[in-house]
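Dear colleague,

I am handing over the structure below for your study. A description of what was found in it follows.

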Amino acid sequence: MTTGAQTPRSSARPPRSRLRTFLPLGIAAWLVLEIWLLTVVAGASSGFIVFLLLVAGVVLGSVVIKAAGRRAFRNLTETLNQQQSGTPTEARPNSEGNGLMMLGGLLLILPGLISDALGLVMLLPPVQKAVSHYAQRTVERKLRDAGPGTLGDAFRQARMHRPDGKVVPGEVVRDDPDGDTPQGPRPPLSR
C-alpha cells in the first residue's frame with residue numbers, strides 16, 4: 001500500500017567527475033567536426049577523393065597495426081627464449097612503443113581526417129616517447145596517491161621485488177575466545 005509520500009533520496013551520492021561529465025560532449029563535438037571536415041573536403045575536391053583518403057587511412061592503419069603486432073610478438077619470443085636459456089634479459093632500444101604504434105594505426109583506421117592526422121603524428125618516435133613518459137608519470141603518481149586497500153595498493157604489492165622467490169610452508173594458528181571451533185589438527189591442503 002502506498003501512502004503517496006515520496007521516497008527520500010540519498011544525499012550521499014558522490015559528485016560526478018569532470019571526465020564523466022565532459023567526455024560524451026567531447027566525443028560528440030569530435031564526431032561533428034570530423035563529418036563537417038569531410039564534407040568541406042568533398043565540396044572542395046570530390047567525394048571520390050574523400051573516399052580514397054578514407055580507404056588509404058584504413059589500409060595504412062592496418063599495415064601499421066600488423067607491423068607493430070609482429071614486432072611485439074618477436075620481442076616477446078626473444079625475451080622468453082632468453083629467460084628459458086638462463087641468459088639475462090637486456091633492454092632492447094626499439095622494444096618500446098608498440099602499443100602507441102597500434103594506437104596510431106587504430107586512429108588511422110577510424111574514418112575522419114582529424115583522427116588520421118592524430119594517427120600520423122602518433123607514429124613519430126619523439127611523440128611516442130613524450131606520450132610514453134607522460135603516461136608513465138601519470139600512472140606512477142596515481143599509484144602513489146592511492147590509499148591502502150585500494151587497487152593502487154594491490155599494484156604496489158604486486159610490483160614488489162622478491163629476490164629469492166621462496167615460499168615458506170607454515171600453519172595459521174588462531175586464538176579463538178569462543179570454544180565453538182574444533183581445536184584438533186587440520187588435515188594438510190592437497191594440491
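**Findings**

Leu106 belongs to helix H3. With a relative accessible area of 44%, this residue is partly exposed, since partly exposed covers the range between buried, under 20%, and exposed, over 50%. Leu106 and Leu60 are 46 residues apart in sequence, and their C-alpha atoms lie 9.8 Å apart in space. Please keep in mind throughout that this is a predicted model.

**The protein as a whole**

The protein contains six helices and zero strands, and along the sequence its pattern reads α-α-α-α-α-α. It has 191 residues, of which 14% count as buried. Among the contacts with a separation of 6 or more, 53% are accounted for by residues 24 or more positions apart.

**Helix H3**

Helix H3 has 12 residues. From its first C-alpha to its last it reaches 16 Å, close to the 16 Å expected at 1.5 Å a residue. Which residues of H3 are buried? They are Asn98, Leu100, Met101, Gly104, Gly105, Leu107 and Leu108. An α-helix has 3.6 residues a turn, so residues three or four places apart point the same way. The buried residues of H3 pack against H2, H4 and H5.

Asn98 deserves a separate word. This residue is found in helix H3, and it counts as buried because its relative accessibility is 9%, where buried means under 20%. Leaving aside residues up to four places away in sequence, Asn98 touches Ala68, Arg71, Ala72 and Asn75. Of these partners, Ala68, Arg71 and Asn75 are listed among the buried residues of H2.

**H3 against H4**

Helix H3 (residues 98-109) packs with helix H4 (residues 113-122) at an angle of about 160 degrees, and their axes are 7 Å apart. The two helices are therefore roughly antiparallel to each other, as angles over 145 degrees are counted in that way. The crossing of H3 and H4 is left-handed. On the side of H3, the contact is made by Leu100, Leu103, Gly104, Leu107 and Leu108; on the side of H4, Ser115, Asp116, Leu118, Gly119, Leu120 and Met122 take part. By class, the contact of H3 with H4 has seven nonpolar, three polar and one charged residues.

After H4 comes a loop that leads to helix H5 (125-145), and Leu124 is found in that loop. Its relative accessibility is 44%, so Leu124 counts as partly exposed. The C-alpha atoms of Leu124 and Met101 are separated by 8.9 Å, although the two residues are 23 residues apart along the chain. Met101 is one of the buried residues of H3.

**Helix H2**

How does the length of H2 agree with what its residues should span? At 1.5 Å a residue, the 39 residues of H2 should span 57 Å, and the end C-alpha atoms are 57 Å apart, which agrees. Buried residues of H2 are Val50, Gly57, Gly61, Val64, Ala68, Arg71 and Asn75. What covers them includes H1 and H3. Just after H2, Gly86 takes a positive phi of about 90 degrees.

**The contacts of H1**

Helix H1 (residues 18-44) meets helix H2 (residues 47-85): their axes come within 7 Å and cross at roughly 130 degrees. That makes H1 oblique to H2. Leu38, Val41 and Ala42 of H1 form the contact together with Gly47, Val50, Leu53 and Leu54 of H2. These residues divide into six nonpolar, one polar and no charged. Val50 also appears among the buried residues of H2.

Is H1 parallel or perpendicular to H4? The axes of H1 and H4 come within 8 Å and cross at roughly 100 degrees. That makes H1 roughly perpendicular to H4, because angles of 65 to 115 degrees are counted as such. In this contact, Trp30, Leu33, Glu34, Leu37, Leu38 and Val41 of H1 meet Leu113, Ile114 and Ser115 of H4. By class, the contact of H1 with H4 has seven nonpolar, one polar and one charged residues. Leu38 and Val41 take part in the contact of H1 with H2 and also in that of H1 with H4. Likewise, Ser115 of H4 meets H1 and belongs to the contact of H3 with H4.

Yours sincerely

Key. Residues are numbered from 1 along each chain as its sequence is written. This is a predicted model: local features need pLDDT of at least 70, side-chain atom pairs count only at pLDDT 80 or more; totals for chains, interfaces and linings use all residues. Side-chain values use heavy atoms; hydrogens and water are left out. Axes are lines fitted to C-alpha atoms, for helices over the stretch in contact, and angles run from 0 to 180 degrees between N-to-C directions. Helices (H or I, at least four residues) and strands (E, at least two) are DSSP runs, numbered from the N terminus. Angles under 35 degrees count as roughly parallel, over 145 as roughly antiparallel, 65 to 115 as roughly perpendicular and the rest as oblique. Contact means heavy atoms within 4.5 Å. Ala, Val, Leu, Ile, Met, Phe, Trp, Tyr, Cys and Pro count as nonpolar, Asp, Glu, Lys and Arg as charged, and the others, Gly among them, as polar. A crossing is left-handed if the near helix is turned anticlockwise from the far one by less than a right angle, and right-handed if clockwise. Buried means under 20% relative accessible area, exposed over 50%, partly exposed in between (1.4 Å probe, protein chains only). The expected span of a helix is 1.5 Å times one less than its number of residues.
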